[in-house]
Amino acid sequence: MKIMNTAAKLFAAMQANPKDWQIEQLQTVARQHGVVWRHQGTSHCYFKRADGVTLSVPAHRPIKPVYVRQFVVLIKGA
């Protein structure tokens, strides 16, 4: 039996439905998968994988589905 933590559940839900997510939830998933992020008083949050691939996501609520889909691809490649 596989036990899923909160970040894994969030990621599975993002893959199933890319609508209505907040930047804090993306940051939680990124942290769990070893993707670093930076969001210092700007309108965008920057996610960076260990191999240097980056993604800029507007931090407005809710995040548009196109950015969530790009984030899922970024995480899958981590």
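How many bridges join β2 to β3, and which way do the two strands run? The count is 5 bridges, and β2 and β3 run antiparallel. Two strands are taken as paired if DSSP finds at least two bridges between them. Strands (E, at least two residues) and helices (H or I, at least four residues) are DSSP runs, numbered from the N terminus.

This is a predicted model, in which local features need pLDDT of at least 70 and side-chain atom pairs count only at pLDDT 80 or more, while totals for chains, interfaces and linings use all residues. Residues are numbered from 1 along each chain as its sequence is written, and side-chain values use heavy atoms, with hydrogens and water left out.

## The sheet

The open sheet has 3 strands in the order β1-β2-β3, with antiparallel pairing. Its edge strands are β1 (36–38) and β3 (54–58), each paired on one side only. From one strand to the next, the twist averages 20 degrees. Angles run from 0 to 180 degrees between N-to-C directions, with axes as lines fitted to C-alpha atoms, for helices over the stretch in contact.

β2 covers residues 44–48 and is joined to β1 by 3 bridges. Two bridge partnerships can be named. R38 is partnered by Y46 in β2. H44 is partnered by P58 in β3. The hairpin of β2 and β3 has 5 residues between the strands.

## Helices on the sheet

Helix α2 (residues 23–32) packs on the sheet and touches β1, β2 and β3. Its direction makes about 15 degrees with that of β2. Helix α3 (residues 65–76) lies across β2 and β3, and runs at about 155 degrees to β3. Contact here means heavy atoms within 4.5 Å.

Which residues of α2 are buried? They are I23, L26, Q27, V29 and A30. Seen down the axis of α2, these buried residues fall within an arc of 165 degrees, so they line one face of the helix. The arc is that of the directions from the helix axis to the C-beta atoms. Buried means under 20% relative accessible area, exposed over 50%, and partly exposed in between (1.4 Å probe, protein chains only). The cover over the buried residues of α2 includes α1 (6–16), β1, β2, β3 and α3.

## α1 against α2

In α1, the buried residues are A7, L10, F11 and M14. They lie on the same side of α1, because they cover an arc of only 100 degrees around the axis. They pack against α2 and α3. The face of α1 turned away from this buried side carries the exposed residues K9 and A16.

α1 and α2 pack at an angle of about 115 degrees, and their axes are 9 Å apart. A7, L10, F11 and M14 of α1 meet Q25, L26, T28, V29 and Q32 of α2. The residues of this contact divide into 6 nonpolar, 3 polar and no charged. In this scheme Ala, Val, Leu, Ile, Met, Phe, Trp, Tyr, Cys and Pro count as nonpolar, Asp, Glu, Lys and Arg as charged, and the others, Gly among them, as polar.

## Q27 and W37

Q27 lies in helix α2. It counts as buried because its relative accessibility is 8%. Leaving aside neighbours within four places in sequence, Q27 is in contact with W37, H39, C45 and F47.

W37 is found in strand β1. At 32% relative accessibility, W37 counts as partly exposed. Not counting residues up to four places away in sequence, W37 touches Q27, A30, R31, C45, Y46 and F47. W37 and S56 are 19 residues apart in sequence and 9.6 Å apart in space, C-alpha to C-alpha.

## Backbone features

Positive phi values occur at these residues:

| Residue | Place | Phi |
|---|---|---|
| D20 | loop between α1 and α2 | about 65 degrees |
| G34 | just after α2 | about 75 degrees |
| G52 | hairpin of β2 and β3 | near 95 degrees |

D20 has its positive phi although it is not a glycine. With a relative accessibility of 62%, D20 counts as exposed.

Where is P62 placed? P62 is in the loop between β3 and α3. A cis peptide bond joins R61 and P62, with omega about -20 degrees.
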